[in-house]
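Please find below a colleague's note on the model. The points proceed from the overall fold to its cores and then to a single side chain.

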Amino acid sequence: MKPVMAHGDWTSNAHLIADVARLGYLPGHVLDPTWGRGRWWQVWQPEKLTSHDLFTRDGVDFRYLPESAEAFDSIAFDPPYKLNGTPALGDFDNAYGVDVKNDRESKHQCIRDGMTECTRVLRFGGFLLLKCMDQVEGGKVRWQTDIFTTHAVSLGLEKVDSFNFPSYRAQPEGRGQQHARRNFSTLMVFTKGRAC
């Protein structure tokens, strides 16, 4: 069987998730609090999957999950991490809940709140998968992988793996390039430390 690489040539997030599952990071009862259109589960799907989505499924906000503490063995969290000034036209931004202009700190706080809630419903020893991307915004690189790793550590989580998923967006017209283009998003894997 082909080895799973940290920077792969996956053609979709679904293929990435299938490889992540092969490594054992999606055991047991899985929660997807950001279902969207279920694209992550088109190649592989866990035997027991609970899914919510504020925008397209059941109206459950990932910051306020209805489940009890430690209800899930693993969580696949794909929050709206795109930093945008003017949202893109068409279906893309709408599908990911970033079709309304919002400031960076508000987006970061929303994701931190979601991580906190996901950690609450994750059992000890379980895995939290978080998708995000370092991005150039406002003339600076916004190191979202660092920001959310720092928050994860404050919640008692430990980063155990990460996967770089190739992607590309064109340079916005009329803007000069000042930093390397971020041509990949990152799926980070955290584990929740065992209770003392």
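**Note on the predicted model**

1. Of the 196 residues in the chain, 47% are buried (under 20% relative accessible area, with a 1.4 Å probe and protein chains only). This is a predicted model, in which local features need pLDDT of at least 70, side-chain atom pairs count only at pLDDT 80 or more, and totals for chains, interfaces and linings use all residues. Residues are numbered from 1 along each chain as its sequence is written, and side-chain values use heavy atoms, without hydrogens and water.

2. Four helices and eight strands are present (DSSP runs of H or I, at least four residues, and of E, at least two, numbered from the N terminus). Their order along the sequence is α-β-β-β-α-α-β-β-β-α-β-β.

3. Among contacts (heavy atoms within 4.5 Å) with a separation of 6 or more, 68% join residues 24 or more positions apart.

4. The largest nonpolar core (buried Ala, Val, Leu, Ile, Met, Phe, Trp, Tyr and Cys residues joined through side-chain atoms within 4.5 Å) has 21 residues, of which I75, F77, M115, L128, L130, F148 and F190 touch the most other members. Two or more residues each come from β3 (72–77), α3 (104–121), β4 (122–132), α4 (144–154) and β8 (184–192). The largest contribution, five residues, is that of α3. Another core, of 19 residues, lies apart from it and includes W10, L26, W41 and F127.

5. Beyond its neighbours within four places in sequence, F148 contacts H108, I111, R112, M115, L130, C132, M188 and F190.

6. Q135 belongs to strand β5 (residues 135–137). Its relative accessible area is 10%, so Q135 counts as buried. The Q135 side chain reaches the backbone oxygen of M133 at 3.5 Å.

Definitions and conventions
Buried means under 20% relative accessible area, exposed over 50%, partly exposed in between (1.4 Å probe, protein chains only). A polar contact is a pair of N or O atoms within 3.5 Å; within protein, one must be able to donate a hydrogen and the other to accept it, and residues adjacent in sequence count only if both atoms are side-chain atoms.
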